[in-house]
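Please walk through this protein chain with a bench reader in mind. Which residues are buried, what do they touch, and where do charged side chains pair?

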Amino acid sequence: MADNYIQDLLGENERILLVTRQHWFVLFSNILLEILLIVLLVAGVVALSLVYPVATVGYVLVLVPLAGMIRDILIWSNRQYIVTNRRVIQISGVLSKNVVDSSLEKVNDVKMSQSFFGRLFNYGDIEILTASELGVNLFKHIGNPVGFKTAMLNAKEDMGFDEIGVRSQPAEDVPAMIAKLDELRKKGIISESEFQRKKSDLLAKM
């Protein structure tokens with residue numbers, strides 16, 4: 001279900017490069033108290049039921065921290081940080097969804113912070129500085145921050161390539177590029193509309 005939702009967000013020729021979440025430490029810290037409550041309640045009910053059989057109804061109390069734990073797990077699993085070849089997407093929410101994305105073209109800088117334990121257990125903070133209205137996106141305690149930053153920088157560099165995998169050329173090579181695009185159009189690899197759009201983009205660079 002979540003994968004289908006992500007795929008629906010992607011534009012034409014957009015592909016996912018990396019998907020990560022907050023580190024499992026974050027989830028563990030959120031559910032630790034609930035786990036302890038469940039253990040204590042179960043142990044208490046078991047002990048009391050040896051003396052008072054009616055005490056077994058106390059198992060109903062376990063449902064409260066159990067429901068809280070399931071809620072925290074769903075929130076953690078549905079909060080995702082995605083790098084595509086065009087943008088960075090942050091998705092959160094279980095039933096209702098909140099989606100924030102930053103175009104790689106508007107990314108000015110990427111900062112990563114990792115503590116000693118962060119390096120040891122592979123988590124850290126990623127701060128993305130953009131030219132958009134949002135200004136700064138801060139992703140705290142995400143897993144594989146080095147891979148996330150590397151995927152972003154590589155994707156931003158690769159945006160020098162067009163959608164058919166050919167690196168943008170200087171102005172003097174534009175006629176040759178248009179000729180190559182025309183060949184691809186004649187072979188049916190790209191459509192007439194794609195050819196005209198790419199041709200216009202190349203002519204604009206002259």
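Gln-22 counts as buried, with a relative accessibility of 14%. The model is predicted. Gln-22 sits in the loop that runs between strand S1 (16–20) and helix H2 (24–49). A polar atom of the Gln-22 side chain lies 3.1 Å from the backbone oxygen of Lys-140. Beyond its neighbours within four places in sequence, Gln-22 is in contact with residues including Trp-76, Arg-79 and Tyr-81. Its contacts also include Lys-140, His-141, Ile-142 and Gly-143.

**Salt bridges**

The whole structure holds five salt bridges. Side chains of opposite charge can pair when their charged atoms come close. Three of the pairs are set out here.

| Pair | Closest N to O | Places |
|---|---|---|
| Arg-87 and Glu-14 | 2.7 Å | strand S3 (residues 87–92); loop between helix H1 (2–9) and S1 |
| Lys-140 and Asp-125 | 3.6 Å | strand S7; strand S6 |
| Asp-182 and Lys-186 | 3.3 Å | both in helix H6 |

Take Arg-87 and Glu-14. Both are buried. Arg-87 lies in S3 and Glu-14 in the loop between H1 and S1, so their salt bridge ties together parts that are 73 residues apart in sequence.

Lys-140 returns here, after its backbone contact with Gln-22. Its side chain meets that of Asp-125 in a salt bridge. The two lie in S7 and S6, so this pair ties together parts that are 15 residues apart in sequence. Lys-140 counts as partly exposed because its relative accessibility is 38%. Asp-125 has 18% and counts as buried.

What separates Asp-182 from Lys-186 along H6? The two are four residues apart, about one turn of the helix. An α-helix has 3.6 residues a turn, so residues three or four places apart point the same way. Asp-182 counts as buried at 18% relative accessibility. Lys-186, at 63%, counts as exposed. Elsewhere, salt bridges that share partners join Glu-14, Arg-87 and Asp-101 into one network.

**Helix H6**

H6 covers residues 174–186. Its 13 residues should span 18 Å at 1.5 Å a residue, and its end C-alpha atoms are 18 Å apart, so the two values agree. Which residues of H6 are buried? They are Val-174, Met-177, Ile-178, Leu-181 and Asp-182. Seen down the axis of H6, these buried residues fall within an arc of 145°, so they line one face of the helix. Just after H6 comes Gly-188, with a positive phi of about 85°.

**Nonpolar cores**

In soluble globular proteins, nonpolar side chains tend to be buried together. The largest nonpolar core here has 15 residues. Those touching the most other members are Val-88, Ile-126, Ile-128, Phe-139, Phe-148 and Met-152. Two or more residues come from each of strand S2 (80–84), strand S5 (107–113), strand S6 (123–130), strand S7 (136–143) and helix H5 (145–158). H5 gives the most, with four residues.

Look at Ile-126 in more detail. Leaving aside neighbours within four places in sequence, Ile-126 is in contact with Val-110, Lys-111 and Met-112, among others. Its further contacts include Asn-137, Leu-138, Phe-139 and Ile-142. Pro-145, Phe-148 and Lys-149 are also among them. Apart from this core lies another, of seven residues, among them Val-174, Met-177, Ile-178 and Phe-195. Val-174, Met-177 and Ile-178 are also among the buried residues of H6.

**Asn-137 and Ile-75**

Asn-137 touches Ile-126 from its place in strand S7. Buried or exposed? At 9% relative accessibility, Asn-137 counts as buried. Its side chain makes a polar contact of 2.5 Å with the side chain of Ser-102. Outside its neighbours within four places in sequence, Asn-137 is in contact with Ser-102, Ile-126, Glu-127 and Ile-128.

Ile-75 is placed in helix H3 (residues 63–78). Its relative accessibility is 26%, so Ile-75 counts as partly exposed. Ile-75 and Ser-92 are 17 residues apart in sequence. In space, their C-alpha atoms are 7.4 Å apart.

Terms used: Residues are numbered from 1 along each chain as its sequence is written. This is a predicted model: local features need pLDDT of at least 70, side-chain atom pairs count only at pLDDT 80 or more; totals for chains, interfaces and linings use all residues. Side-chain values use heavy atoms; hydrogens and water are left out. Buried means under 20% relative accessible area, exposed over 50%, partly exposed in between (1.4 Å probe, protein chains only). A polar contact is a pair of N or O atoms within 3.5 Å; within protein, one must be able to donate a hydrogen and the other to accept it, and residues adjacent in sequence count only if both atoms are side-chain atoms. Contact means heavy atoms within 4.5 Å. The expected span of a helix is 1.5 Å times one less than its number of residues. The arc is that of the directions from the helix axis to the C-beta atoms. A nonpolar core is a set of buried Ala, Val, Leu, Ile, Met, Phe, Trp, Tyr and Cys residues joined through side-chain atoms within 4.5 Å. A salt bridge is a side-chain nitrogen of Lys or Arg within 4 Å of a carboxyl oxygen of Asp or Glu.
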